[in-house]
Amino acid sequence: MLAAILRHSGHTVGTMPSPHLASYTERIQVDGEPISEAEFAAAVEWLQPRLEGISAELGPPTEFEILTTVALTFLAPRCDRLVIEVGMGGRLDATNVLDLGLAVVTNVALDHQRYLGDTVEKIAFEKAGIIKPGNAVVTGAEGTALGVVEAAAAAAGADLWRLGEEIRLTSRWRGWEGSEIDVAGPGFEFSGLRVPLLGSHQAANAALAVAAAQRLGEAPGGLEETRWPGRLEPVGSSPVVLLDGGHNPAALARLADDVPRLAEGRPVTVVFGMMADKDITASFAELRRMEPSAVVFTAAASPRAARPADLAASWGGGEVVGEAIAAANRGIELAGPDGLVLVCGSLYLVGEVRAWALARR
């Protein structure tokens, strides 16, 4: 959303979204467009000899460290604004070599506990590690997580704006058209801004993007041009097919709140796959709130994916279709032309299904 606002203001904007859905080139984008395969290959080839000395001294870099270096090397000379998404956590993330003057901590939920800690407070500490001395900071964190972000900002001498405090939001649900919001804060007030992304939670994300743009001296024009593949993305009709890469209980809770409202009485068929290291039990508790008429369990082509048969056993039923596109096809059969199919649980799963789903529409 922030990148869309900055592009609308006339900036050339570099982004580094992760993970990719179909191609590594998606991880390096200029004005919303992935670089070409030839450009990606040239950037990697330029980096390769420079990695040899580092590998000898410090050990081989991780894939994400290499991708981050390639992205920044490519984007920096071509863009006048960078909007860089942290890979995981923040404090020890490869992207934290950057100090772009503005740090945004959207929210904090339990995820990646193996690496970030087993409590919301520990994870908030890792996320707040992106705050640098003198930064402008925007956050939507709540509860104990907010206290951690406030402490980190104070320690860094950073100026903090908080959603619900300095940033005030009123939102109106517009169903399949997204949301409409009014946002106000220190020295600004905007009404009737359109948020095209589906899901009630996107109103808060949009408010943070508007506030972040204000901290950069930009008005929120262009917000309505935001596109974000794989996040409650409609990709078909008869039946309606929704793709969402949410992969933790907090993300599934958002789906459980909004998908029944979008379904408007239509039966919901879920095609579900998840990585084995996620909190599947808590995610299932949220999924059950949707009261799906049918569930098809499958797996992305990843060694980390949970076995579909194990997912079905944990659920207590459902169908098992091992290959992702075949599972999506089965979901469409079960839903019928008047139903709604939700493919969710993993961005890797969504990435595999998305190209096929777009082709069928």
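Helices, in the sense used here, are DSSP runs of H or I with at least four residues, numbered from the N terminus. In this predicted model, Arg 360 belongs to helix 12, which covers residues 347–360.

**Exercise 1. Describe the protein chain as a whole, starting with how many helices and strands it has.**

Begin with the secondary structure, where the protein chain shows 12 helices and 16 strands. Next compare its radius of gyration with the globule rule: the value is 21 Å, close to the 21 Å that the rule gives for 361 residues, so the chain is as compact as a globular protein of that length. For the outer dimensions, the C-alpha atoms fill a box of roughly 55 × 55 × 40 Å along the principal axes. Then turn to the contacts with a separation of 6 or more, of which 65% are between residues 24 or more positions apart.

**Exercise 2. Work out what share of the residues is buried, what the exposed surface consists of, and how many side chains are positive and negative.**

Of the 361 residues, 49% count as buried. The protein chain exposes about 16300 Å², and carbon and sulfur atoms supply 51% of that area. Finally, count the charged side chains: there are 30 positive and 45 negative ones, and the centres of these two sets lie 2 Å apart.

**Exercise 3. Decide whether Arg 360 is buried, exposed or partly exposed, and find which residues it is in contact with.**

The relative accessible area of Arg 360 is 33%; because buried requires a value under 20% and exposed a value over 50%, Arg 360 is partly exposed. To find its partners, leave aside the neighbours within four places in sequence, and the contacts that remain are Gly 236, Ser 237, Ser 238, Pro 239, Val 241 and Ile 332. One of these, Gly 236, is 124 residues away along the chain, yet the C-alpha atoms of Arg 360 and Gly 236 are separated by 7.4 Å.

**Exercise 4. Locate the cis peptide bonds that join Ser 18 to Pro 19 and Ser 238 to Pro 239, and state the omega of each bond.**

As background, most peptide bonds are trans. The cis bond between Ser 18 and Pro 19 has an omega of about -10°, and Pro 19 is placed in the loop between strand 1 and strand 2. The cis bond between Ser 238 and Pro 239 has an omega of about 0°, and Pro 239 is found in the loop between strand 11 (233–236) and strand 12 (240–244). Both Ser 238 and Pro 239 also appear among the contacts of Arg 360.

**Exercise 5. Examine the phi values of Glu 264 and Glu 291, and decide whether these residues are buried or exposed.**

As background, most residues other than glycine have a negative phi. Glu 264, although not a glycine, has a positive phi of about 50°, and it is found in the loop between helix 8 (249–263) and strand 13 (268–272). With a relative accessible area of 61%, Glu 264 is exposed. For Glu 291, phi is positive and near 50°, and the residue lies in the loop between helix 9 (280–288) and strand 14 (294–297). At 68% relative accessibility, Glu 291 counts as exposed.

**Exercise 6. Classify Pro 292, Pro 17 and Asn 96 as buried or exposed, and list what each touches.**

Pro 292 lies in the loop between helix 9 and strand 14, and its relative accessible area of 18% makes it buried. Beyond its neighbours within four places in sequence, Pro 292 is in contact with Val 268, Val 270, Leu 287 and Trp 315.

Pro 17, in the loop between strand 1 (13–15) and strand 2 (29–30), is likewise buried at 13%. Residues up to four places away in sequence are not counted, and Pro 17 then touches Glu 26, Arg 27, Gln 29, Glu 85 and Trp 228.

Asn 96 sits in the loop between strand 4 (81–83) and strand 5 (102–105), and at 17% relative accessibility it counts as buried. When residues up to four places away in sequence are not counted, Asn 96 touches Gly 90, Arg 91, Gly 129, Ile 130 and Lys 132. As a last step, look at its side chain, which reaches the backbone oxygen of Arg 91 at 3.2 Å.

Conventions: Residues are numbered from 1 along each chain as its sequence is written. This is a predicted model: local features need pLDDT of at least 70, side-chain atom pairs count only at pLDDT 80 or more; totals for chains, interfaces and linings use all residues. Side-chain values use heavy atoms; hydrogens and water are left out. Helices (H or I, at least four residues) and strands (E, at least two) are DSSP runs, numbered from the N terminus. The radius of gyration is taken over C-alpha atoms; the globule rule is 2.2 Å times the number of residues to the power 0.38. Buried means under 20% relative accessible area, exposed over 50%, partly exposed in between (1.4 Å probe, protein chains only). Contact means heavy atoms within 4.5 Å. Accessible areas come from the Shrake-Rupley method with a 1.4 Å probe; for residues, only the protein chains shown count as cover. Lys and Arg count as positive and Asp and Glu as negative; His and the chain ends are not counted. The place of a charge is taken as NZ of Lys, CZ of Arg, CG of Asp or CD of Glu. A polar contact is a pair of N or O atoms within 3.5 Å; within protein, one must be able to donate a hydrogen and the other to accept it, and residues adjacent in sequence count only if both atoms are side-chain atoms.
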